[in-house]
Amino acid sequence: MRKAAAGFLFVALLAVLLGASSLAVLRSALRYQDQLLAGYMEDVVLTQELVTAHTHFMHQASDFLLQEDERHLAALRQAREHFGTVVGQLTRQEPRTPEERQLVEHFVATRDRARAVMDELISTRRDEGPASGPRLLAQLQPVRMDMEKTLNALADHERERYWKTRHQSRADSGRALGMLALGFLGTVVVAVAQGVFLVRALRQRVRAESERAAMLEREHAAHRAVEERQALLDLVIEQSGDAVVVTDAKGVIRLFNAEAERQHGVTRQQVSAPEWAATFGLLTLEGHPLPLQETPLYRALEGRPMSNARWLVKRPDGTVRTLCGTASTLRRPDGLPVGAVLTARDETERLALEQQRATALERLRSTAEFRERFLGIVGHDLRNPLNAITLSARVLLVSEALPERELKAVRRIASSADRMTRMISELLDFTRSRLGGGMPVDPCLADLSVICREALEELETSHPGSRLSLRVLGQGLGEWDAGRLSQVVSNLVGNALQYSPEGSPIHVTVDGRAAQEVVLSVHNEGAPIPEDVLPELFEPFRRGTRESAHHGGGLGLGLYIVQQIILAHGGTLGAESHEGDGTTFTARLPRENTDRSASLAN
C-alpha cells in the first residue's frame, strides 16, 4: 500500500513535473511567437508609414513644380528628409526571407533612380521657371507610379507574412494544448486552469491584433479615397470653363485656375486684397480703377455675396475683357468664415455680338419704317395729279364732240386712272395700318345687307356681264364703318371676279341669324388656291398665282387690307378652297363695337 502510495505520489509528482516542464516549454514557444508577430507587425506599420511618407513627398514635389517659392521648397525638403528617415529604418533591419530581401533591394534601386530624377526635375524647375511646371510634373508621374507600385508590393508582402504567421501560431498553440490534455490527465485541474488562462490571453491578443490590422487597413483605404477625391477636384477646377479664384480669410489668393490666368493674362500671385486691382488690372465698366470695396471677391470676404456682377479686366498686352461672375463666402460647418470664392466667365465676345445684333435690328427697323413712310408719301402725292386725270377723262367722256376712236382712248385713260386710284388707296391703307398700329375705322349703326347691295351694284356697272348674287338671312344691323365694309365687299368680290372663269356666278351671303355676330361669305367657282399659298394668302404684296386669273393685277394688298379692316372691327377672316367646290372667303363681324361700348360705359 505504501509502495503504491509512493508510486502514485511519484507518478503524480512526475506528472506534475512533466506538466510544469511542458507548460514552461509551451509558454516559451508562445512568447517567441508573440515576439515574432510583434516584429512582423512593426514591419507592417513601418511599410505603411513608408507609403504615407512617399505620398506626402510626392504631393510636396507636385506643389513645388507647379508653384515654386521658398515655402514649398522648404516643405519639399522636409518631406524628402522624413521619407529618407523612414527608408533608413527599413534598410537597417535585416530581411527575414529571400523574397523580402529581393523586394527591399528592388525598392532601394527604384528609390535611387527616383532620387536622381527628382534632383534633375528640381534643378530644371528652378532654371526654367513656372512655365515648365506642368511638363516636369508629367515627367515625374512615371517615377511616382513606379515607386508606389514597389511600395505597395512590399506592404502587401509584409501583411501577408504577418497573417500567415499568426494563423500558423494559432494552429501550433491548439495542437500543443491538445497534447497536454491527453498526456497529463493527472494534472487536469492545473492544466485546465492554465490552459483556460493561456487560451483567454491568446484570444485577447489575437483579437487586439486583428482589430489593429483592420484599423490600419481602413485608414489606408480612407487615405487613398481622400487622395483620389482631391485629385479629381483639382482636375475639375483646372479644366473648368469658368475662372475660379479662392482667397483665405485674410484676402490672400490661394487658388487661381488656368481659365482665370487666361482671362487676366497673368499667373497666380499670392497678393493681399489692396493689391488686387493693380496686379490683375481690375476696372469698372467705365474704365476707371475698380475700388477695393466694390470688388466682388472683397465683398464676399465681408459677408456680402454678389451674383451676376460685371467688371472689366485690362491685361498686360493692353486688351480689355468684360467679365461676369458670382462671389460667395466660404464657411466651415460651424459657420465661421474661412475665405471667399469667385467664379467668372468672359462675356466680351457675347456682348459684342449682342451689340452688333442690336445695331443690325435698328438698321432694319429704320429701313422698313422709311420704306413704308416713303410709300405713304408717294401715294398721297400722286392723288392730286390722278384726280386731275380722272376729272378730265370724265369731262371728255360726256363730251359729244369726240369721235368714237378718241372716245375709246379716253375710256382706257379713265379705267387706268381708276385702277391707279385703287392702288394708291391700298398703299395708303397699308401704310396707315403698319405705321398707325392698325386700320382706322369709324363705327356707327349700319346694315351690312344694304352695304353689300350698293357695292354689288357698283361692281355690276364696272363689270358688265358678271353674274353677282346676294343672299340675306336674318338681320344685318351692327356698329360698323360702312365705308370700310363697302371696301371689304368690293375687294372680296373683285378678287372672286379676277380668279373666276368669265360668266361664272359669284355668290355673296349675309347671315345675320346669330344674336352676337353677322357672317359675310363670298364664294366663287374658280380653280382652287394651292395649299402652299393659303397660309400666306393675307400677307401684304402677295398676288395670286392661279392660271384662271384673267384681269390685270394690283399690288397684292387687297386681301391684306380686307383682313386689317375685319380685325379693326373685332372680327375674323378665313378662306377655304377645294377642288370642285371653289373658294369661299368668310368674315365674322361682331354686331357691337367693344371699344365704343367701353367708352360709353365710362
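Glu457 counts as partly exposed, at 47% relative accessibility (buried is under 20% relative accessible area, exposed over 50%, partly exposed in between, with a 1.4 Å probe and protein chains only). This is a predicted model, in which local features need pLDDT of at least 70 and side-chain atom pairs count only at pLDDT 80 or more, while totals for chains, interfaces and linings use all residues. Residues are numbered from 1 along each chain as its sequence is written, and side-chain values use heavy atoms, with hydrogens and water left out.

**Nonpolar core**

- The largest nonpolar core (buried Ala, Val, Leu, Ile, Met, Phe, Trp, Tyr and Cys residues joined through side-chain atoms within 4.5 Å) has 38 residues, and those with the most contacts inside it are Leu448, Val488, Val493 and Leu520.
- Helix H12 (482-498) is among the elements that give two or more residues to this core, and H12 provides its largest share, 7 residues; helices and strands are DSSP runs of at least four (H or I) and at least two (E) residues, numbered from the N terminus.

**Salt bridges**

- The whole structure holds 13 salt bridges, each a side-chain nitrogen of Lys or Arg within 4 Å of a carboxyl oxygen of Asp or Glu.
- Arg262 and Asp346 meet in one of them (3.7 Å, N to O), linking helix H6 to strand E6 across 84 residues; Asp346 is buried at 18%, whereas Arg262 is partly exposed at 39%.
- Glu517 and Arg588 pair with their closest N and O atoms 3.1 Å apart, and because Glu517 lies in strand E11 and Arg588 in strand E13, the pair ties together parts 71 residues apart in sequence.
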